[in-house]
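Work through the exercises below with the structure open beside the text. Each task is followed by its solution in steps.

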Amino acid sequence: MKSIDESMYALVCRLFPICRSITGNGVRETLRIIAEELPGLVIHEVPSGTQAFDWTVPGEWNVWDAYVLDPDGNKIIDFTKSNLHLVGYSIPVNKTVSLSELQEHLYSLPDQPDAIPYITSFYQERWGFCVTHRQREQIKKEGKYTVMIKSDLKSGYLTYAELLIPGKCQEEIFLSTYICHPSMANNELSGPVVTTFLVKWLLSRKRKYTYRIVLAPETIGSITYLSRNLEEMKKQVIAGYNITCVGDERAYSFLPSRKADSLADKVALHVLKHMHPGFKQYTYLERGSDERQYCFPGVDLPVASIMRSKYGTYPEYHTSLDDLTLVTPRGLKGSYDVIRKCIECIEADEYLQVVTLCEPKLDKRGLYPTLSTKQTNNLVRDMMNLLAYADGSCSLLEIADKINVPMWNLIPIVKTLKHKKLLLRNH
Amino acid sequence: MKSIDESMYALVCRLFPICRSITGNGVRETLRIIAEELPGLVIHEVPSGTQAFDWTVPGEWNVWDAYVLDPDGNKIIDFTKSNLHLVGYSIPVNKTVSLSELQEHLYSLPDQPDAIPYITSFYQERWGFCVTHRQREQIKKEGKYTVMIKSDLKSGYLTYAELLIPGKCQEEIFLSTYICHPSMANNELSGPVVTTFLVKWLLSRKRKYTYRIVLAPETIGSITYLSRNLEEMKKQVIAGYNITCVGDERAYSFLPSRKADSLADKVALHVLKHMHPGFKQYTYLERGSDERQYCFPGVDLPVASIMRSKYGTYPEYHTSLDDLTLVTPRGLKGSYDVIRKCIECIEADEYLQVVTLCEPKLDKRGLYPTLSTKQTNNLVRDMMNLLAYADGSCSLLEIADKINVPMWNLIPIVKTLKHKKLLLRNH
Amino acid sequence: MKSIDESMYALVCRLFPICRSITGNGVRETLRIIAEELPGLVIHEVPSGTQAFDWTVPGEWNVWDAYVLDPDGNKIIDFTKSNLHLVGYSIPVNKTVSLSELQEHLYSLPDQPDAIPYITSFYQERWGFCVTHRQREQIKKEGKYTVMIKSDLKSGYLTYAELLIPGKCQEEIFLSTYICHPSMANNELSGPVVTTFLVKWLLSRKRKYTYRIVLAPETIGSITYLSRNLEEMKKQVIAGYNITCVGDERAYSFLPSRKADSLADKVALHVLKHMHPGFKQYTYLERGSDERQYCFPGVDLPVASIMRSKYGTYPEYHTSLDDLTLVTPRGLKGSYDVIRKCIECIEADEYLQVVTLCEPKLDKRGLYPTLSTKQTNNLVRDMMNLLAYADGSCSLLEIADKINVPMWNLIPIVKTLKHKKLLLRNH
């Protein structure tokens with residue numbers, strides 16, 4: 001049986017070739033494969049033209065082939081070699097153009113001459129091709145170029161997936177990720193794949209909270225989802241994470257919710273501080289993914305982002321260089337571990353009240369170890385500190401922050417002290 | 001037509017020779033000239049002996065001439081050459097004195113041998129002359145010196161001026177400056193002159209707020225004014241500035257209100273941070289002008305001070321060196337611009353509420369520019385950030401501080417978004 | 001008559017030889033000597049077996065003699081030479097043991113070869129001897145060693161002392177110290193001795209507050225005391241200090257109450273900041289004395305600690321090196337001065353309200369000195385600042401912190417201003 005690291009990486013590899021966009025069969029195929037891992041996943045299809053707050057679901061876009069032939073009939077740009085070659089949402093084209101007209105429809109990056117850029121035009125009808133700058137410099141022969149784009153942009157559906165995993169109570173933890181970029185690895189597949197494996201873990205354990213998992217195209221997908229579920233979510237969601245850019249091996253990073261004071265924020269900062277103290281902290285002003293919708297005024301869901309290399313900040317971002325070498329099994333697993341630890345902390349967080357006045361006499365309950373080593377000293381010190389702050393007004397997370405130890409070190413101590421009837425949950 | 005810079009400097013020059021004190025004809029003459037610029041200015045005369053809280057309006061002091069003759073009959077100190085030569089509120093004298101008796105009545109500054117110091121004795125009867133230290137060192141001949149002071153200290157009036165400029169609402173912005181120092185430029189005339197030109201600008205524009213402008217002698221004048229107007233001002237004043245030391249070209253400085261948390265404080269800090277980030281920040285412990293009265297317990301008006309070189313901190317302060325070379329057209333105009341910007345910010349400040357749930361679709365309203373340049377990118381970024389924080393609980397000033405842009409960059413965006421019905425004022 | 005410094009040191013010397021523990025005649029003898037200084041001291045005896053919250057008062061321990069004879073009959077360890085040689089609460093023993101069995105009952109410090117460690121076993125029956133490491137290295141001859149411990153551990157009493165000194169009001173200041181360590185000076189006798197002399201001073205002055213003084217064995221003593229007095233103390237105690245480790249000449253240190261925001265905390269920080277700005281600040285996580293009980297959840301008394309070298313941080317701690325050379329008259333007096341200043345500040349603290357609107361005219365009341373020197377300038381500056389903040393919402397301590405002067409500089413100014421009817425206590 002494969003390790004989680006390898007299984008996640010294998011799923012990234014399997015999903016990588018699919019040509020996704022904000023609508024279309026690439027999204028459906030991606031969700032179908034993920035549903036093999038998560039049998040309960042529910043697929044929703046929302047018709048083009050549906051109103052979603054201030055937005056309208058656009059037409060559905062599909063593409064079968066796209067290429068450019070040079071004046072000699074050589075296929076110089078070929079969608080089948082990389083789906084990044086075609087500008088997203090390009091309209092169908094079948095014509096010959098001059099070199100200069102072709103140039104107006106080409107996109108490349110002079111500063112990154114070996115990278116194909118990722119370009120889209122979702123809401124204005126255009127066509128275009130993206131090429132490496134080296135490739136573009138070879139296209140200089142005057143003459144007639146044949147442009148062929150076998151695409152389809154017409155009324156159809158926007159597709160997203162949802163999974164509700166019940167817990168003991170109705171309060172919810174919300175995990176969101178997106179499935180709308182073509183062949184890119186960190187800023188696309190790392191998110192849905194890590195989310196998939198977090199869900200598999202969630203399904204295998206006892207849950208205090210209900211979990212709401214959403215895989216949807218970025219922006220229009222999250223807006224559409226919110227337009228159908230906001231009222232319920234505002235009542236129930238106590239913490240959430242937008243899961244994106246979680247696959248490379250570089251430093252972790254954190255982007256808070258708008259108000260930066262939710263449980264999701266506090267837990268993420270606590271976990272990162274203890275697991276990866278060198279993490280990079282962004283502000284909400286540097287946002288750029290679905291937290292823009294989840295934290296918008298009036299929506300105000302408690303959603304933060306834990307990432308590795310944040311979108312927009314790493315050189316491979318939105319190019320063909322964001323590939324299967326940038327994302328690694330180790331990179332995926334590190335993020336999985338961090339977010340899973342966050343969920344474990346939220347599940348274990350509660351207000352605690354010590355039952356004695358003055359310190360309890362621990363030795364008569366066998367809680368003072370006879371043999372004193374550095375490790376047991378830390379355990380006793382943590383136990384005494386936990387008791388000293390368990391005044392009913394502090395949650396376990398707050399106590400952990402006050403006494404400056406990872407919350408997960410305290411969880412077994414809480415269990416012991418509850419068993420010994422020294423500590424109660426404060427309702 | 002002269003520029004504002006030149007006009008302000010010309011007014012400083014015209015007012016400079018007048019011998020002002022806390023009462024007397026110098027104050028009247030100063031206010032008469034200012035009233036030529038501000039026709040609606042109302043002059044108030046308060047009789048000597050009038051009670052003003054814990055204080056009493058003193059006798060009125062006027063002076064026609066003052067000099068000292070040496071034993072040979074040479075006029076060695078001459079009030080007509082500089083009104084700083086005479087100690088303020090000197091009683092009438094006409095007698096001969098010995099050299100040593102004369103010395104007891106002379107004031108000079110050994111460390112600034114070319115400066116005549118500014119000395120007053122408002123509340124204790126005295127006479128004296130102020131001279132440069134070089135001048136004093138020449139006064140060494142034994143013999144009889146003739147001292148002549150043709151002054152007058154008797155029951156009269158304290159004079160101050162007031163202007164109320166109505167706005168759309170009764171809430172007020174309060175501007176205060178003082179007119180009680182003789183020939184000094186930065187710590188005297190810069191304040192009333194910049195205030196005069198701010199009022200001219202205010203009269204030319206639409207105003208949300210009512211404006212209360214006061215020109216009065218420092219301390220006894222502001223106390224007298226408060227004793228007659230405090231109740232009304234406590235109800236209506238939402239922000240105010242004490243305008244003093246605003247004429248030189250050195251760094252800007254800020255002195256907060258006592259509690260340092262008023263709208264006047266917040267706006268001044270916002271404006272200075274963006275216009276002159278190198279400004280110097282003082283605390284209320286370093287106060288020394290009429291904010292001592294305006295912010296006194298029980299008075300508690302929201303009055304802060306924006307200055308250039310603060311009183312008491314620059315070498316020319318309270319000497320003849322604070323003259324028409326220290327104050328410049330450019331120095332005056334810089335201060336005028338800063339305080340005017342503060343007033344514009346207060347006028348534009350309001351609580352804002354975005355009307356959509358999730359981000360609005362800006363392109364369908366033509367708010368996403370087709371051609372993307374650095375400048376338009378900043379505009380779009382500021383617009384998105386403004387919307388993201390316009391949750392009804394933040395004022396425009398608070399939003400500007402959160403998103404770290406000058407409030408005046410946001411004012412046209414607010415106008416556009418209100419026009420597009422995306423943003424509302426939150427009442 | 002001896003100075004306070006010398007008197008305190010003399011009392012430390014007199015109490016030093018007594019063999020104290022958490023119960024027994026050493027405690028009684030110590031309290032009897034202190035009662036010579038404080039005639040009103042009340043001695044309480046609590047029977048063994050009495051329940052005190054989660055704890056039980058242990059049996060009473062007394063010891064008359066203890067020694068070890070080597071195989072040749074030489075007395076190689078002798079309790080009469082140092083009471084630290086015997087492990088505290090050692091059970092009676094009279095037997096011969098082999099060298100290796102003896103070694104299992106010996107304690108020494110290889111890193112401090114000239115120090116006898118201080119070891120106890122209050123709640124588990126054991127016997128043992130503590131020796132310097134050099135001494136231990138000499139004990140190597142095989143053969144029969146005679147172990148004699150003439151001790152007694154049986155039902156008896158726990159002894160503590162209490163003094164309530166009435167003031168004008170029922171609100172209390174609480175001073176606690178402990179009397180349970182054998183011959184050690186800083187971490188034992190400095191606390192009760194400084195407390196004794198603070199009480200002598202308190203008895204000699206007028207008091208606003210009532211004072212509650214407790215001398216009890218650490219931990220079990222404070223828990224026992226709280227179990228009998230908590231309800232009343234929670235109603236009445238407004239500030240308290242645990243007085244320990246106050247006898248050496250090294251830097252002062254401060255350990256806050258659990259919530260770190262009580263009057264006791266604020267006053268101690270104010271006093272140390274102005275008297276000894278180089279003081280060391282600990283957090284509640286570094287606690288280790290009776291504040292563990294006084295600040296426990298549900299107890300929540302406002303008790304902080306002012307110390308010199310804190311327990312656990314100095315090399316002589318809990319060894320025979322914590323002796324009469326470490327503690328000095330000057331060390332004791334410095335701590336006495338600091339805690340006395342804290343008490344004076346608490347006694348003088350009150351909410352203050354200026355009676356004038358605008359600044360009062362001070363010269364007409366003779367409060368503006370004619371001759372202006374640096375010192376009088378500071379006095380006037382402090383007076384003006386005090387008036388400027390005396391708005392009825394700030395206590396004198398808070399004003400002193402705002403205007404950054406020692407509170408004791410303001411106390412005479414408050415008196416003057418009250419006398420001049422310019423300042424009132426705000427009830």
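## Exercise 1: the surroundings of one residue

Apart from neighbours within four places in sequence, C:Glu172 touches C:Leu164, C:Thr210, C:Arg212, C:Gln236, C:Val237, C:Ile238 and C:Ala239. The model is a predicted one.

Task: State in which element C:Glu172 lies, and decide whether C:Glu172 is buried or exposed.

Solution.
- Step 1. Find the element: C:Glu172 belongs to strand E11 of chain C, which covers residues 172-178.
- Step 2. Take the relative accessible area of C:Glu172, which is 2%.
- Step 3. Apply the cut-off: buried means under 20% relative accessible area.
- Step 4. Conclude that C:Glu172 is buried, because its relative accessible area is 2%.

## Exercise 2: how chain B relates to chain A

Task: Find what rotation superposes chain B on chain A, and name the relation.

Solution.
- Step 1. Chain B is superposed on chain A by a rotation of 120°, with a shift of 0.1 Å along the axis and an RMSD of 0.0 Å.
- Step 2. This is therefore the relation of a three-fold axis.
- Step 3. Locate the axis from chain B: the C-alpha of B:Asp261 is the nearest to the axis in that chain, at 13 Å.

## Exercise 3: the interface of chain B and chain A

Task: Describe the interface between chain B and chain A by its residues, its buried area and its salt bridges.

Solution.
- Step 1. Count the residues: 19 from chain B and 18 from chain A take part in the contact.
- Step 2. Turn to area. The size of an interface is often given as the accessible area lost when the parts come together.
- Step 3. Between chain B and chain A about 1,800 Å² is buried, and carbon and sulfur atoms give 56% of that area.
- Step 4. Ask which three residues of chain B supply the most of the area it buries against chain A. They are B:Leu357, B:Cys358 and B:Glu359, with 39%.
- Step 5. List the polar links: there are four salt bridges between the two chains, and 10 residue pairs are in polar contact.
- Step 6. Assign elements: helix H10 (374-389) and helix H11 (396-403) of chain B each bring at least two residues to the side that touches chain A. The largest share, five residues, is from H10(B).
- Step 7. Sort the residues on this side of chain B by type: 10 are nonpolar, two polar and seven charged.
- Step 8. Look at one salt bridge across the interface: B:Asp391 pairs with A:Arg258 at 3.0 Å, N to O.

## Exercise 4: the interface of chain C and chain B

Task: Repeat the description for chain C and chain B, beginning with the residues in contact.

Solution.
- Step 1. Here 19 residues of chain C meet 18 residues of chain B.
- Step 2. The buried area is about 1,800 Å², with 56% given by carbon and sulfur atoms. On the chain C side, C:Leu357, C:Cys358 and C:Glu359 lose the most area to chain B, together 39% of what that side buries.
- Step 3. Four salt bridges cross this interface. In one of them, B:Arg258 is joined to C:Asp391, with the closest N and O atoms 3.1 Å apart.
- Step 4. Helix H10 (374-389) and helix H11 (396-403) of chain C each give two or more residues to the side that touches chain B. H10(C) gives the most, with five residues.

## Exercise 5: salt bridges within a chain

Task: Over all chains the structure holds 90 salt bridges. For two of them, say which elements are linked.

Solution.
- Step 1. In chain A, A:Asp401 and A:Lys273 form a salt bridge with their closest N and O atoms 3.4 Å apart. A:Asp401 is in helix H11 (residues 396-403) and A:Lys273 in helix H7 (residues 263-275), 128 residues apart.
- Step 2. Check accessibility: A:Asp401 is partly exposed at 32%, and A:Lys273 is partly exposed at 35%.
- Step 3. In chain B, the side chains of B:Arg212 and B:Glu232 meet at 2.6 Å, N to O, in a salt bridge. B:Arg212 lies in strand E12 (residues 210-216) and B:Glu232 in helix H6 (residues 220-236), so the pair ties together parts 20 residues apart in sequence.
- Step 4. B:Arg212 is buried at 0% relative accessibility, whereas B:Glu232 is partly exposed at 36%.

Key
Residues numbered from 1 in each chain as written. Chains lettered and ligands numbered in written order. Predicted model: local features only at pLDDT ≥ 70, side-chain atom pairs only at ≥ 80, totals over all residues. Heavy atoms only, no water. Helix = DSSP H or I, 4+ residues; strand = E, 2+ residues; numbered from the N terminus. Buried < 20%, exposed > 50% of the residue type's maximum accessible area, 1.4 Å probe, protein only. Contact = heavy atoms within 4.5 Å. Least-squares fit on C-alpha atoms with pLDDT ≥ 70 in both. Buried area = accessible area lost by both parts, 1.4 Å probe. Polar contact = N/O pair within 3.5 Å; in protein donor to acceptor, adjacent residues only side chain to side chain. Nonpolar A, V, L, I, M, F, W, Y, C, P; charged D, E, K, R; others polar.
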